[in-house]
Protein chains: 2
Amino acid sequence: MGSRARISQLLLVSRRHSASITTTTSTTSTSTTTSTSTSAPTPAPATTPRQLATHPSSKPRVVILGSGWGGYNLSRKLSATHFHTTLISPRSYFVFTPLLTDTAGGSLDFSHIVEPVRDRHASVDFLQAAARAVDFAAKTVLCEATVVKSGVTESPRRTATPPRSWEEGETFAVPYDKLVIAVGTVSRTFGTPGVRENAFFFKDVGDARRVRRRVRECFELAVLPTTAPEMRRWLLHFAIVGAGPTGTELAAALRDFISADLMALYPSLKGIPRLSLYDVAPTVLSMFDESLSKYAMDTMRQEGIEIKVSHHVEGLRWGAPGEAAPAEMDPKRCLTLTTTEEGEVGVGMCVWATGNAMNPFVRDALADVPTFPTASALRKDGSGPPSEELVHRSAWRVKKAPKVGALSVDEQLRVQLENEHGDTVVLQDVFALGDNAMPEKGAPPATAQATFQEAKWLATRLNRGDSQQTAPFSFRNMGTLAYIGNANALLQIPHEGGEHHKYLPEGLKGRMAWLVWNSAYLTMSISWRNKLRVAFRWMLNHLFGRDVSRY
Amino acid sequence: MGSRARISQLLLVSRRHSASITTTTSTTSTSTTTSTSTSAPTPAPATTPRQLATHPSSKPRVVILGSGWGGYNLSRKLSATHFHTTLISPRSYFVFTPLLTDTAGGSLDFSHIVEPVRDRHASVDFLQAAARAVDFAAKTVLCEATVVKSGVTESPRRTATPPRSWEEGETFAVPYDKLVIAVGTVSRTFGTPGVRENAFFFKDVGDARRVRRRVRECFELAVLPTTAPEMRRWLLHFAIVGAGPTGTELAAALRDFISADLMALYPSLKGIPRLSLYDVAPTVLSMFDESLSKYAMDTMRQEGIEIKVSHHVEGLRWGAPGEAAPAEMDPKRCLTLTTTEEGEVGVGMCVWATGNAMNPFVRDALADVPTFPTASALRKDGSGPPSEELVHRSAWRVKKAPKVGALSVDEQLRVQLENEHGDTVVLQDVFALGDNAMPEKGAPPATAQATFQEAKWLATRLNRGDSQQTAPFSFRNMGTLAYIGNANALLQIPHEGGEHHKYLPEGLKGRMAWLVWNSAYLTMSISWRNKLRVAFRWMLNHLFGRDVSRY
């Protein structure tokens, strides 16, 4: 996606578009409709964003990019009286990610954890498209329609086929008065060979489905009469790389699913399945206190999960260990995971869950700023627009956090521009939140909890109106929970004292913490419909076991 | 799949296999394991069906091909005391097809109507494979493993890419004492140009998912600012070809979903979506009495469904009406459906639901019988094995019903062989049921109800043992139900009088029939888990509306 050259080209198109939008909007909506209602079978040219123009609104238009924790929750909290809100995302739904591991393990259906952006009770427009570029001066976002993309997540099941021509969508420009960038991040692979092509990631419903399908697939392959015993062991070895909350909870969920459900269905495979959790760090769940971290490792080892900390992954390829690489992809057989410590290991599946990298839009498209956005820029101290001299001192670019590459935002979550002299200006109408943003002061952790708080804060800030002062955003740690399998969980909540003083309630280890975890997640499950569904399903699972179908 | 030449080749392989199986089975299971437990990373050769050989059993081995109404229900009713049952199917689950339309419309999740073949309470072995050939003399089925096939149903979403090399599975032979063929049928397209490539079919969960995705996709495409008004109308025109129960109920379910749920989410598209039900016959639901059929047409027309009976479909292609064909597939745009009566019509989707054709296994592989199965064959009158003279009179082939091509079975559902002189013999250990079989006398309708009764009858017959006489199978019509939208349904039950005297209870039209329909289906929903789920979900739908997410 998007080389710099392509982005510049798109930006030019974008400017052309925005001009035509202005024109179109000033005509009556009737004439607009007529002008595009040609009888020719060709679609309307991309330069006529008709539908947007027919919704002229006196209310400021807030455009939100992304339907994750930040974008979705902000869209639900923005005042419909004050704003006309449009959410743009390649994904038409929000995913309640804390329960994503449960869908991979068959405890929940995908529909249980998904909330559609379109909702009859929410006054939010939606466009299924990916943002490709932003023109801060013209105040437009250039988008590419992604309705027919076969998958919106980054890890298609099989990457061998080249992208098909119809997957490229038409582009169109959307004007904004206020822009909120909440597009999230992609998985970070550290350039490890073969990972981008052959690993599964774990960020979206599509990923959970792939994991679910592959685990069942490996079990079915293992019982085929044509499968050799060695291949059977490799196929039933599941590797998860990254022992943060996602990797650890996925290992725990798969462990429960395999030991409680699958082993009853495949008695002939008893003792063969293995689950390995790799991390380069010497511990799992490093955001927890050392004692909890150790407790997690001990418990998970007892449950049969192989904890392979201090391991360095060197590559992932299709084919069995010892075979001459590179083998062609053949999902009937295993993959080989290579680590410095163990050499080659056969695995049926490798899930990669090791932290975040910026996606091409944030990395490449939000970079150089060819035209300085005079109307939007404020001096860093908020004392008004920057001086002529400052504006023309040198070229401007979007300010990013060092190393991470996230958008560097001020304490009001506003995006900033900088020049090579270290001058910074604030864009008063462009905000960023979630994992693609990094507040200069007091950056919160990259968690759903933090992003949710940012969305709530920004909604309050915008609903109150710009003129009013709002206290800067600050993250309030509500505690951290992690499920570690076999009805065990960890809970860490901050003590009344200092921010860094951690408190571990004795009685909340294990089963108790699991109970708290369940009820906490139920309460946070956005809609009542899904709250009821999840509760009912947990009850059924208790009675009948998890879902084992692969379809 | 399978030309005759390939099948003959496979049969040769099959015979080689079965020889090796016999050898393997006669050794101890320990030595078998050792002999294939090589440390080389290559998989075991296909000629060593290890896993099967390690389950030597004194019980007769019943092999069932297919996991539909016939195969699945038979597997659940066969006595585990008397038989060792192995079910072989490319699909690892059974689908409760009467509710398939509900999943397409978002009223139910796929998991609600799916029952896995593997179940801890059922003593049934399962192999995820497709039968490719049967050697009646050696009593083996040659199978191809299909675990990693990207889809098991006949209508992959996009057929442009050629099948990938890894999709071809390894083959292996499975010995049987009794064989039951219940592989069902594929959709019949009458050779209509473009239908096989561009239409959706409606037989499996994958099909329902494709329909569900495409409908939502068309709505999202329609609201894109780059979509011209004409293309918008075409995209939102959904065509269903075939006004039998499947097509009619799908039209009804989509109509409900669009009018009750989608129109609330896309208010700007009011009045644009259309739903057309095509059939070559002059009426819908022709298996019902004329008065009911007319009631259905009137009601559905009132609901806004366009009933296009006496229409002849000539072709289906991608691209807009009037465009020079053939256009490449582009799901961002519409298809064109051509009928003799209307000419070219733009549609966003076309679902093809017009009856059954035999699949390649029944059509091509179950044809010539190179080696006469002396041990299995019985004279047609059941009076013992056929004479030497009869056996060698001329070449034998599997007996098929004329035109349809289904396996012609006797009143005990046994498969038969015939020669060119019109002689017929019965195979006493090969049975066929469901849509791929046609009893010579009193052929039942091609419905789930009939197949279910056949499976029940055959289970009783086999559980009692061959020696005992069982009354021949005969179909008992329990009545027919069809949902026609907006909480209306038709119910037709046979009267106490003659078989052809139909009874229409006045009070059971409309909403009452719908209630009966719902409770009948709930009761038939195989497992208690899914019964509860469906009931709970219907309650939630009533409160919150249907699922509208597309993921």
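Biologist: How many residue pairs are in polar contact across the interface of domain 1 and domain 2 of chain A?
Modeller: The rule finds 5 such pairs, both residues being at pLDDT 80 or more. A polar contact is a pair of N or O atoms within 3.5 Å; within protein, one must be able to donate a hydrogen and the other to accept it, and residues adjacent in sequence count only if both atoms are side-chain atoms. This is a predicted model, in which local features need pLDDT of at least 70 and side-chain atom pairs pLDDT 80 or more, while totals for chains, interfaces and linings use all residues. Residues are numbered from 1 along each chain as its sequence is written, chains are lettered from A and ligands numbered from 1 in the order written, and side-chain values use heavy atoms, without hydrogens and water.

Biologist: Which residues form the salt bridge between these domains?
Modeller: The count there is 1 salt bridge (a side-chain nitrogen of Lys or Arg within 4 Å of a carboxyl oxygen of Asp or Glu). Asp204(A) forms a salt bridge with Arg91(A), their closest N and O atoms lying 3.3 Å apart.

Biologist: Which element gives the largest share of the domain 1 side?
Modeller: That is α5(A), with 5 residues; helices (H or I, at least four residues) and strands (E, at least two) are DSSP runs, numbered from the N terminus.

Biologist: Turning to chain B, is Arg214(B) buried or exposed?
Modeller: Arg214(B) is buried (under 20% relative accessible area, 1.4 Å probe, protein chains only), because its relative accessible area is 2%.

Biologist: What does its side chain reach?
Modeller: The side chain of Arg214(B) reaches the backbone oxygen of Pro331(B) at 2.8 Å. Arg214(B) itself belongs to helix α7 (residues 205-222) of chain B.

Note on methods:
Buried < 20%, exposed > 50% of the residue type's maximum accessible area, 1.4 Å probe, protein only.
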